[in-house]
Amino acid sequence: YNRDYLIAHHILVYHEFPLVGPEGGFGAAGASPAYFYFLTLPLLMKDSIIFLGLFNVFLQMVSLFFVYLLGRMMFGKAVGLGALALFAANENIIYQSNFVWQPHVMQPFLLLSIFLLFISYTRKSYPLLLLSIAGFVFASVLHQSVIALAPFYLIAVLLVLYANPKQSWRH
């Protein structure tokens, strides 16, 4: 993650903002620079590559928290703990804590959007639904792989809206 730190550090120090995001398997075409801008935020507290790594560990712990909350709220405490254990013991999830990378940084925001979608359904809250959509959009801006989930997410949003008639929603 040296490249990502160096670019975020450059943004912080020189106030020069890249117009394209990181290159990947498909090249930089279409990749948003929001990922680099987001990495600049923790560097405002402490400009250190080690601090950026610790920030990534924090984001991964937030992901664990949302996995537990989703499992617990949807299916009960036992399922929440089981989901947490399976998610936390997954070697790919453990690997994600080793270094900052776009998909790793995106994950907590995607889980947050799913969590808010569920909460908006249970509380019949439009503001929470809008926050869920904003979280999903932000996750997709951080990494394009989220776009593959967009049809399923859109169906879930429509089901949430269909399941709760408009007059029963709180504003």
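Helices, as counted here, are DSSP runs of at least four residues, numbered from the N terminus. With that in mind, the elements of this protein run α-α-α-α-α-α-α-α from the N terminus on, which amounts to 8 helices and 0 strands. The model described here is a predicted one.

**Overall picture**

The C-alpha atoms of the protein fill a box of roughly 50 × 35 × 30 Å, taken along the principal axes. Of its 171 residues, 43% count as buried. When contacts between residues at least 6 apart in sequence are considered, 65% of them join residues that are at least 24 apart. One pair that is separated along the chain is Leu-112 and Ala-139, which stand 27 residues apart in sequence, while their C-alpha atoms are 9.4 Å apart in space. Leu-112 belongs to helix H6, and because its relative accessibility is 25%, Leu-112 counts as partly exposed.

**The nonpolar cores**

The largest nonpolar core of the protein has 27 residues, and those with the most contacts inside it are Tyr-35, Phe-38, Leu-39, Val-105 and Leu-142. At least two residues of this core are supplied by each of helix H1 (2-14), helix H2 (34-45), helix H3 (49-75), H6, helix H7 (126-142) and H8. Apart from this core lies another one, of 13 residues, and among its members are Val-67, Leu-69, Leu-70 and Phe-118.

Helix H2 deserves a look of its own. Its buried residues are Ala-34, Tyr-35, Phe-36, Phe-38, Leu-39, Thr-40, Pro-42 and Leu-43, and what covers them includes H1, H3, H6 and H7. Leu-39 can serve as an example, for when residues up to four places away in sequence are not counted, Leu-39 touches Asp-4, Ala-8, Leu-52, Val-100 and Val-105.

**Helix H6 against helix H8**

How do the axes of helix H6 and helix H8 cross, and at what angle? The axes of H6 (residues 102-123) and H8 (residues 150-163) come within 10 Å and cross at roughly 15°. Since angles under 35 degrees count as roughly parallel, H6 is therefore roughly parallel to H8. The crossing of these helices is left-handed.

On the H6 side of the contact stand Ser-113, Leu-117, Ser-120 and Tyr-121, which meet Tyr-153, Ala-156, Val-157, Val-160 and Ala-163 in H8. Sorted by type, the residues of this contact divide into 7 nonpolar, 2 polar and no charged.

**Two loop residues with positive phi**

Which backbone angle marks out His-15, although it is not a glycine? His-15 has a positive phi of about 55°, and Lys-124, which is not a glycine either, also has a positive phi of about 55°. The table sets out where these residues lie and how accessible they are.

| Residue | Phi | Place | Relative accessible area |
|---|---|---|---|
| His-15 | about 55° | loop between H1 and H2 | 59%, exposed |
| Lys-124 | about 55° | loop between H6 and H7 | 30%, partly exposed |

Because exposed means over 50% relative accessible area, and partly exposed lies between that and the limit of 20% for buried residues, His-15 with its 59% is exposed, whereas Lys-124 with its 30% is partly exposed.

How values were computed:
Residues are numbered from 1 along each chain as its sequence is written. This is a predicted model: local features need pLDDT of at least 70, side-chain atom pairs count only at pLDDT 80 or more; totals for chains, interfaces and linings use all residues. Side-chain values use heavy atoms; hydrogens and water are left out. Axes are lines fitted to C-alpha atoms, for helices over the stretch in contact, and angles run from 0 to 180 degrees between N-to-C directions. Angles under 35 degrees count as roughly parallel, over 145 as roughly antiparallel, 65 to 115 as roughly perpendicular and the rest as oblique. A crossing is left-handed if the near helix is turned anticlockwise from the far one by less than a right angle, and right-handed if clockwise. Contact means heavy atoms within 4.5 Å. Ala, Val, Leu, Ile, Met, Phe, Trp, Tyr, Cys and Pro count as nonpolar, Asp, Glu, Lys and Arg as charged, and the others, Gly among them, as polar. A nonpolar core is a set of buried Ala, Val, Leu, Ile, Met, Phe, Trp, Tyr and Cys residues joined through side-chain atoms within 4.5 Å. Buried means under 20% relative accessible area, exposed over 50%, partly exposed in between (1.4 Å probe, protein chains only).
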